[in-house]
Amino acid sequence: MARSDEAAAFFAAVYSAVQEIPYGKVTSYGHIAKLVGTPQRPRQVGLCLKHLSQDTDSHFNHDNVPWQRVINSKGIISPRSQPSGAQNQAATLQAEGVVVSTGSLGELMVDFSVYGWFPRTLPSETGQSEEGDED
DNA sequence: AACGTGACGAGTA
DNA sequence: ATACTCGCCACGT
């Protein structure tokens with residue numbers, strides 16, 4: 001199996017995993033990376049979404065893969081080269097009921113109530129005395 | 001073909 | 001608590 005094939009398989013696995021994120025929920029790149037069996041490549045997960053096809057004719061495309069539901073482990077919409085992209089992602093999330101707030105530095109923070117799909121410690125748990133391990 | 005970049009995250013200092 | 005470094009590897013130049 002050539003490396004390019006493995007890469008294609010990786011892309012497909014990532015897209016497939018992202019499709020499993022419930023409507024109105026979000027998760028992290030790291031979680032997706034773990035799900036597809038490559039926990040050390042969260043960055044490549046972002047790359048996959050970046051190169052997600054816009055052609056609705058493709059098997060995986062910008063329309064059937066909820067790319068907007070993937071954010072970084074800090075609970076923030078990853079800022080990228082083109083600011084409008086993050087804004088676009090925030091708008092798309094808000095359109096499905098996700099609450100996004102803007103910090104002083106323009107960081108787009110996602111409300112924790114949608115972290116039902118989140119795997120690990122929440123970004124804002126900030127070591128509260130209470131474990132916060134409700135339910 | 002080589003080099004730098006980047007939608008990240010964990011480990012160190 | 002924050003700042004910096006390293007690993008990862010596909011993509012654009």
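A polar contact is a pair of N or O atoms within 3.5 Å. Keep that cut-off in mind for the tour of this predicted model.

**Stop 1: the backbone at Gly30.** Select Gly30 and DNA strand B. A backbone N or O atom of Gly30 sits 3.1 Å from a phosphate oxygen of the strand.

**Stop 2: two side chains.** Now pick Ser78. An N or O atom in the Ser78 side chain lies 3.4 Å from a phosphate oxygen of DNA strand B. Move to Gln44. Its side chain has an N or O atom 3.4 Å from a base nitrogen of DNA strand B.

**Stop 3: the whole DNA-facing surface.** Show the 18 residues around DNA strand B; Arg43, Gly46, Leu49, Lys50 and Arg80 come nearest. Colour the surface by class: 9 residues are polar, 5 nonpolar and 4 charged. Which helix gives the largest share? That is α3, with 6 residues. Both α2 (29–35) and α3 (42–50) supply at least two. Then look at the strand itself. Among its atoms within 4 Å of the protein, 50% belong to sugar or phosphate, and the rest to bases.

**Stop 4: the largest nonpolar core.** Hide the DNA. This core has 17 residues, and Val14, Tyr15, Val18, Ile32, Val45 and Leu49 touch the most other members. At least two residues come from each of α1 (3–18), α2 and α3. The largest share, 5 residues, is from α1. Select Val14. Beyond its neighbours within four places in sequence, Val14 is in contact with Ile32, Val36, Val45 and Cys48.

**Stop 5: a second core.** Finish with a separate core of 10 residues, including Ile71, Ile77, Ala86 and Leu108.

Conventions: Residues numbered from 1 in each chain as written. Chains lettered and ligands numbered in written order. Predicted model: local features only at pLDDT ≥ 70, side-chain atom pairs only at ≥ 80, totals over all residues. Heavy atoms only, no water. Near = heavy atom within 4 Å. Polar contact = N/O pair within 3.5 Å; in protein donor to acceptor, adjacent residues only side chain to side chain. Helix = DSSP H or I, 4+ residues; strand = E, 2+ residues; numbered from the N terminus. Nonpolar A, V, L, I, M, F, W, Y, C, P; charged D, E, K, R; others polar. Core = buried A, V, L, I, M, F, W, Y, C linked by side-chain atoms within 4.5 Å. Buried < 20%, exposed > 50% of the residue type's maximum accessible area, 1.4 Å probe, protein only. Contact = heavy atoms within 4.5 Å.
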